[in-house]
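Q: I have a few questions about how the labels on this model are earned. Please set each value against its cut-off.

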Amino acid sequence: MTTAPVACFDQVTTLVEPRIKKLLDRLDPHNRLVAAYHLGYCDADGAPATAVGKGLRPALALLSARAAGEPPGPGVPAAVAVELAHNFSLLHDDVMDHDGVRRHRPTAWAVFGPAAAILAGDALLSLAHESLAEADQPGAVRAVARLGADVRRLVAGQAADLDFERRDDVGLDECLAMSADKTGALLSCACALGALLCGAPPALTAGLSRFGSHLGVAFQLVDDLLGIWGDPGRTGKPILSDLRARKKSVPIVHALTSGTAAGDAFRMLYAPIRQLRESDLELAARLLDEAGSRDWTGKEADRQLGRALDELSGLDLPAAVRSELVDLSYFVTGRDH
Ligand SMILES: CC(C)=CCC/C(C)=C/CC/C(C)=C/COP(=O)(O)OP(=O)(O)O
């Protein structure tokens with residue numbers, strides 16, 4: 001496990017969470033309860049609880065504002081916006097995937113029903129845009145437009161991901177492109193949005209954006225590995241969850257297209273006509289390992305991390321910000337949850 005850089009995550013707790021809680025007050029009581037439950041601010045009865053997400057995207061947005069030479073404060077509307085947009089996507093994703101557990105607790109739809117969870121997601125996305133539109137800062141309009149464009153990419157990535165589940169001819173390149181849309185777009189947005197909101201020079205915003213894209217793909221590849229080989233006690237999701245759901249994540253597509261004996265055996269096991277038993281799932285994970293797919297995915301995550309760090313080295317950044325962005329990048333790719 002890699003230790004998280006402390007300062008930027010502390011600022012998420014002290015600066016971003018209180019602002020999100022204040023925005024939730026604008027929602028009708030039931031919608032607010034579902035959203036607050038999903039965010040981990042309360043349990044299903046409304047009793048206070050401790051927030052559950054890692055807060056990666058808001059941490060990046062605060063660092064993005066600092067990259068533009070500002071203190072973290074002016075980055076808060078951006079940090080709030082990306083965290084709310086991220087949680088909109090998780091609420092809807094859990095409904096679409098019928099996932100019953102996230103962040104070590106029953107998902108919002110499992111507790112309150114799919115309609116309530118979808119509406120809570122809709123409300124969070126609206127609040128994300130309000131957070132930026134109400135910011136009295138030079139780049140507010142551009143920031144709203146940027147968030148909108150990146151949420152559109154996230155939606156396209158999710159559509160591709162769902163489509164892949166029905167297809168048996170998915171290629172590795174399109175799978176990586178899907179990861180760049182589904183996850184890279186919002187991380188890229190987080191890395192650019194703080195600077196954009198603060199009116200930073202376009203070259204700095206563009207460089208941060210490219211850094212975030214590569215980091216986002218690396219993040220998704222690590223997520224793909226954790227979806228198969230992660231410890232449920234750490235990930236907060238059921239064991240072998242991506243295999244059980246017959247996902248076409250990168251390690252799975254790598255095996256299916258590897259042309260190895262293990263990859264071919266995996267293809268037979270994973271065929272849609274077969275009912276997958278628990279023992280099949282363990283065998284499937286072993287075959288992926290034997291096909292070299294775990295190793296390839298880990299190396300590709302490292303390659304994307306390298307490209308992210310190369311982008312960073314070309315940017316003129318305050319030393320403390322550079323060092324936190326580097327620490328955060330290693331945390332993201334070395335995480336076990
Ligand atoms: C439109 C739609 C439904 C899109 C879905 C897109 C989607 C679910 C992408 C997956 C992104 C991802 C790896 C989330 C976990 O982030 P994390 O580990 O940072 O989560 P945390 O906040 O729990 O820490």
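Q: Which residues surround the ligand most closely, and how many surround it in total?
A: 17 residues surround the ligand, and the closest are Lys-54, Arg-57, His-86, Arg-103 and Gln-158. A residue is near a molecule if one of its heavy atoms lies within 4 Å of it.

Q: What kind of model is this, and how are residues numbered?
A: The model is predicted: local features need pLDDT of at least 70, side-chain atom pairs count only at pLDDT 80 or more, and totals for chains, interfaces and linings use all residues. Residues are numbered from 1 along each chain as its sequence is written, and side-chain values use heavy atoms, with hydrogens and water left out.

Q: What places an N or O atom of the Arg-57 side chain in polar contact with the ligand?
A: The distance does. An oxygen atom of the ligand is 2.8 Å from an N or O atom in the side chain of Arg-57. A polar contact is a pair of N or O atoms within 3.5 Å; within protein, one must be able to donate a hydrogen and the other to accept it, and residues adjacent in sequence count only if both atoms are side-chain atoms. The His-86 side chain also has an N or O atom 2.8 Å from a ligand oxygen. For Arg-103, a polar side-chain atom lies 2.8 Å from an oxygen atom of the ligand.

Q: How much of the ligand does the protein bury?
A: Taken alone, the ligand exposes 640 Å², and the protein buries 93% of that. Accessible areas come from the Shrake-Rupley method with a 1.4 Å probe; for residues, only the protein chains shown count as cover.

Q: Which elements give two or more residues to the shell around the ligand?
A: They are α4 (76-97), α7 (140-166), α8 (172-197) and α9 (202-229). α4 gives the most, with 6 residues. Helices (H or I, at least four residues) and strands (E, at least two) are DSSP runs, numbered from the N terminus.

Q: How do the residues of the shell divide into nonpolar, polar and charged?
A: The shell has 4 nonpolar, 7 polar and 6 charged residues. Ala, Val, Leu, Ile, Met, Phe, Trp, Tyr, Cys and Pro count as nonpolar, Asp, Glu, Lys and Arg as charged, and the others, Gly among them, as polar.

Q: How do you know that the span of α9 agrees with its number of residues?
A: The 28 residues of α9 should span 40 Å at 1.5 Å a residue, and its end C-alpha atoms are 40 Å apart, so the two agree. The expected span is 1.5 Å times one less than the number of residues.

Q: Why is α9 called largely enclosed?
A: Because 21 of its 28 residues are buried. Buried means under 20% relative accessible area, exposed over 50%, and partly exposed in between (1.4 Å probe, protein chains only).

Q: What does α7 reach, and what do its buried residues pack against?
A: α7 has 27 residues and reaches 40 Å from its first C-alpha to its last, close to the 39 Å expected. Its buried residues include Arg-146, Asp-150, Gln-158 and Phe-164. They pack against α4, α6 (114-133), α8 and α9.

Q: Why does His-38 count as buried?
A: Because its relative accessibility is 6%. His-38 is in helix α2 (residues 29-39). Its side chain makes a polar contact with the side chain of Asn-87, at 2.8 Å. Beyond four places in sequence, His-38 touches residues including Val-52, Leu-90 and Arg-103. Contact means heavy atoms within 4.5 Å.

Q: Why is Gly-75 buried or exposed?
A: Gly-75 has 0% relative accessibility, so it counts as buried. Gly-75 is in the loop between α3 (56-67) and α4. Leaving out residues up to four places away in sequence, Gly-75 touches Leu-62 and Ala-65.

Q: Why is His-104 called exposed?
A: Because its relative accessible area is 53%. His-104 is in the loop between β1 (101-102) and β2 (105-106). Its phi is near 70°, a positive value in a residue other than glycine.

Q: Why does Arg-246 count as partly exposed?
A: Because its relative accessibility is 21%. Arg-246 is in the loop between α11 (241-244) and α12 (250-256). Its phi is positive, about 55°, although Arg-246 is not a glycine.
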